[in-house]
Amino acid sequence: MPMTVRILVFAGSLRTGAYSIRTADTAQRELALQGAEVTRISLADYPLPIMDQDLEKEEGIPENAFRLGHQIAAHDGFLIASPEYNSSIPPLLKNAIDWVSRIHKEGGKPFHPYSGKVAALCSSSDGNLGGVRGLYHLRSVLMNCQVEIITPQCSVPHVSEAFDENGQFKEERLRHAMEKVASTLIERARMLSTRVEI
């Protein structure tokens, strides 16, 4: 019997009513439907100061960075649903990724939260491109952190009109795209699993 894959899901926005949160909702449902054990978090629960190496030198890596790092380490993979800010990554999301990347040890032992992880990326925008331009940058940043990024992604254009009253995608094309993202993430995460139990 294949192992149950554990996937962490979060959005790159905290804004009330953010479409990236609704996109993350859709991803969470699809991953669960395909048999993954899904943990949903909000970056609001991991507030962090702006990444600052002087601050890191004086006070160390913030506890919330370690908490977020433990969440990543405890899962086989993760999915980020991100908005696009000026064709790039929201500062909230970039800051969180950067802080976790600074973790190299804990309690004197090596600890690399991103090690062996696989990720899927989704985006949303009211424009024609669905926020896809921001994902090029997000993909590059995560690859630099040694995260493997699956090729399929789901970008939701005209997002204010994309969901029905049940929070599902209206377009079959988008439903198929999310199904492909979920199945590929589960398959690849199962293959590469290095999760650390917490």
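These legends describe close-up views of a predicted model.

**View 1. The largest cavity and its lining.**
One cavity of 30 Å³ or more is counted in this model. The volume of the largest cavity is about 60 Å³. Its lining consists of F10, L68, I72, F78, I80, L93, A96, I97, V100, Y114 and L142. Three elements give two or more residues to this lining: α3 (63-73), β3 (77-82) and α4 (91-101). Helix α4 provides the largest share, four residues. What kinds of residues form the lining of the largest cavity, nonpolar, polar or charged? The lining has 11 nonpolar residues, no polar ones and no charged ones.

**View 2. The largest nonpolar core.**
In soluble globular proteins, nonpolar side chains tend to be buried together. Here the largest nonpolar core has 32 residues. Which residues have the most contacts inside it? They are F78, L138 and L142. Strands β1 (6-11), β3 and β6 (118-124) each give two or more residues to this core. Helices α3, α4 and α5 (132-144) do so as well. Another core lies apart from this one and has 27 residues. Among its members are V5, C122, I150 and L174.

**View 3. The surroundings of L138.**
L138 is one of the residues with the most contacts inside the largest nonpolar core. Leaving aside residues up to four places away in sequence, L138 touches I80, S82, I89, L93, I97 and L121. Two of these names, L93 and I97, also appear among the buried residues of α4. I80, L93 and I97 are also found in the lining of the largest cavity.

**View 4. Helix α4 and what covers it.**
Which residues of α4 are buried? They are L93, N95, A96, I97, D98, W99 and V100. The elements that cover these buried residues include the strands β1 and β3. The helices α2, α3 and α5 are also included in that cover. Helix α4 also gives the largest share of the lining of the largest cavity. For the largest pocket, the largest share of the lining again comes from α4.

**View 5. Two cysteines without a disulfide.**
A disulfide is a covalent bond between the sulfur atoms of two cysteines. How many disulfides does the structure hold? It holds zero. Why is C122 not bonded to C154? The sulfur of C122 is 5.1 Å from the sulfur of C154, so the two are too far apart for a bond. For a disulfide, the two sulfur atoms would have to be within 2.5 Å. C154 is in no disulfide, and the nearest cysteine sulfur to its own is that of C122. C122 counts as buried, because its relative accessibility is 0%. C154 is also buried, with a relative accessible area of 1%.

**View 6. The largest pocket.**
The largest pocket holds about 220 Å³ of space. It is lined by 14 residues. Which of them are closest to its centre? They are S101, Y114, N144, C145 and Q146. Helices α4 and α5 give two or more residues each to the lining. Four residues, the largest share, come from α4. The lining divides into six nonpolar, six polar and two charged residues.

**View 7. Q71 on helix α3.**
Q71 lies in helix α3. Is Q71 buried or exposed? Q71 counts as buried, because its relative accessibility is 18% and the cut-off for buried is under 20%. Not counting residues up to four places away in sequence, Q71 touches L8, T39, I41 and Y46.

**View 8. Two loop residues with positive phi.**
N86 sits in the loop between β3 and α4. Its phi is positive, about 50°, although N86 is not a glycine. N86 counts as exposed, because its relative accessibility is 80%. Q146 sits in the loop between α5 and β7 (148-149). Phi of Q146 is near 70°, a positive value in a residue other than glycine. At 60% relative accessibility, Q146 also counts as exposed. Q146 is one of the residues closest to the centre of the largest pocket.

**View 9. S42 in its loop.**
S42 is found in the loop between β2 (37-40) and α2 (53-59). Its relative accessibility is 30%, so S42 counts as partly exposed. How far is S42 from S88? The two are 46 residues apart in sequence and 20 Å apart in space, C-alpha to C-alpha.

Terms used. Residues are numbered from 1 along each chain as its sequence is written. Side-chain values use heavy atoms; hydrogens and water are left out. On a 1 Å grid over the protein atoms alone, a cavity is a set of points where a 1.4 Å probe fits but cannot get out, and a pocket is an open set with protein on both sides within 12 Å along at least five of seven lines; lining residues have an atom within 4 Å of a point. Grid points are joined across faces, edges and corners, and a volume is the space filled by probe spheres set on the points. Ala, Val, Leu, Ile, Met, Phe, Trp, Tyr, Cys and Pro count as nonpolar, Asp, Glu, Lys and Arg as charged, and the others, Gly among them, as polar. A nonpolar core is a set of buried Ala, Val, Leu, Ile, Met, Phe, Trp, Tyr and Cys residues joined through side-chain atoms within 4.5 Å. Buried means under 20% relative accessible area, exposed over 50%, partly exposed in between (1.4 Å probe, protein chains only). Contact means heavy atoms within 4.5 Å.
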